[in-house]
Amino acid sequence: MCELYSKRDTLGLRKKHIGPSCKVFFASDPIKIVRAQRQYMFDENGEQYLDCINNVAHVGHCHPGVVKAALKQMELLNTNSRFLHDNIVESEANDLALRLARQFRGHQDVITLDHAYHGHLSSLIEISPYKFQKGKDVKKEFVHVAPTPDTYRGKYREDHADSASAYADEVKKIIEDAHNSGRKIAAFIAESMQSCGGQIIPPAGYFQKVAEYVHGAGGVFIADEVQVGFGRVGKHFWSFQMYGEDFVPDIVTMGKPMGNGHPVACVVTTKEIAEAFSSSGMEYFNTYGGNPVSCAVGLAVLDIIENEDLQGNAKRVGNYLTELLKKQKAKHTLIGDIRGIGLFIGIDLVKDHLKRTPATAEAQHIIYKMKEKRVLLSADGPHRNVLKIKPPMCFTEEDAKFMVDQLDRILTVLEEAMGTKTESVTSENTPCKTKMLKEAHIELLRDSTTDSKENPSRKRNGMCTDTHSLLSKRLKT
């Protein structure tokens, strides 16, 4: 693999030409990835990283079956959906889902969950509190935000007699208030399992009750399966199926994983809703939507999921990984909660189990230390204290064991520095020892943002020595 620029030059060019709002992982010392295969990524030095976060590479990075399908179709034809072709189906996702919902009954308002993220288009930022609450945008009057159905940290917790009904009643109240203000609900939208919100799995019965209230108001239920569909939960192909056969969304959106990194998305809905959209008289067309190359890739991904039993793998490896993590929870005081299903798991880190105080700084420290151990994790949730695990579906039990072993060692060192593990620390809590522990803790956390930078004198990739003139030319642009 020929590396055109050194890591330092690549970073310099990025800072020069790419806006600061485009963030990178591990900002204090970003990783330069030059290739990837299956569940592994490789930097410019050939170092291998176990990828625990790239759910987009659903069947594995650079899967030969996907590459072959794309190449074969690109050699034949790539056009738009106005021509007939055997591969072509329509595509696009959440933006189209909103248009379908609004056209169906002529209503405009949308109910979304707190901390939800549904896409980067303006129409989707408007219904994504995860984004608009962080920026200068204000919530639009047609957007209504319901509490996240989080039974660990939310308004109604695991000790509540009926948390599903309690959270659903919050949606019911939103609908009633909207109607009293003369507004009408077009849709309720939610990920079947909330990702950016902190790997949240709603309590059983919640979606059924919400659907009942939304349908009663003339709206539709949109299930966003972009991050959690295509067998990731193991037991089912679609995550919404976890909640029972009596729950079927009106619209389902999907994307990202269905192309294994290739840009493709899809909306599935009822015939009634589709026909109502058509009756508007406005033709739906997207230049790239339904192009045969993207569809060939999507079909290849479906074949690979089935032929390699990746859904079954998600169930087997996910169960194994969850059991390993539960043992870590019993061992480490920083772990407040382990939640998830299949290969969609969250580790909620806390400073205090009773108060459930988010361990935000500790989470950032851990992901940097895991990176040093060549394991890639990220943290998310409202407090950025939840470690997200959603790897490629080819993740193995050996990978799970390796990841958990590294996490165990890092947590052990961190907790000893914090004085939460060693019995002698808790029993001999003298002012002097407490001060030393706090200083050690601060130093550990400081390390997470001061990873060693690349040595400027280190030679560039030795595999590429004939591009100096091209490099110099491009650096001057």
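**Sheet, pocket and cysteines in a predicted model**

Q: In what order do the four strands of the open sheet run?
A: This is a predicted model. Its open sheet has four strands with mixed pairing. Strand S1 (33-37) and strand S13 (375-376) are the edges, each pairing on one side only. The order is S1-S2-S3-S13.

Q: Which residue in S3 stands opposite Met41?
A: Strand S2 (residues 40-43) pairs with strand S3 (residues 48-51) over three bridges. The sense of that pairing is antiparallel. Opposite Met41 stands Tyr49.

Q: Which residues lie nearest the centre of the largest pocket?
A: The largest pocket has a volume of about 1400 Å³. Its lining counts 36 residues. Helix H5 (129-132), helix H11 (360-372) and strand S14 (378-380) each give two or more residues to that lining. Nearest the centre lie Lys23, Val24, Phe25, Ser378 and Arg384.

Q: How many nonpolar residues are in the lining of the largest pocket?
A: The lining divides into three classes. Nine residues are polar and nine are charged. The nonpolar residues number 18.

Q: How far from Cys295 is the nearest cysteine sulfur?
A: The structure holds zero disulfides. A disulfide needs two cysteine sulfur atoms within 2.5 Å. For Cys295, the nearest cysteine sulfur belongs to Cys266. The distance is 8.6 Å.

Q: Why does Cys295 count as buried?
A: Buried means under 20% relative accessible area. Cys295 meets that cut-off because its relative accessibility is 7%.

Q: Is Cys62 buried, partly exposed or exposed?
A: The partly exposed class lies between the cut-offs of 20% and 50%. Cys62 has 46% relative accessibility, so it counts as partly exposed.

Key
Residues are numbered from 1 along each chain as its sequence is written. This is a predicted model: local features need pLDDT of at least 70, side-chain atom pairs count only at pLDDT 80 or more; totals for chains, interfaces and linings use all residues. Side-chain values use heavy atoms; hydrogens and water are left out. On a 1 Å grid over the protein atoms alone, a cavity is a set of points where a 1.4 Å probe fits but cannot get out, and a pocket is an open set with protein on both sides within 12 Å along at least five of seven lines; lining residues have an atom within 4 Å of a point. Grid points are joined across faces, edges and corners, and a volume is the space filled by probe spheres set on the points. Ala, Val, Leu, Ile, Met, Phe, Trp, Tyr, Cys and Pro count as nonpolar, Asp, Glu, Lys and Arg as charged, and the others, Gly among them, as polar. Two strands pair if DSSP finds at least two bridges between them. Buried means under 20% relative accessible area, exposed over 50%, partly exposed in between (1.4 Å probe, protein chains only).
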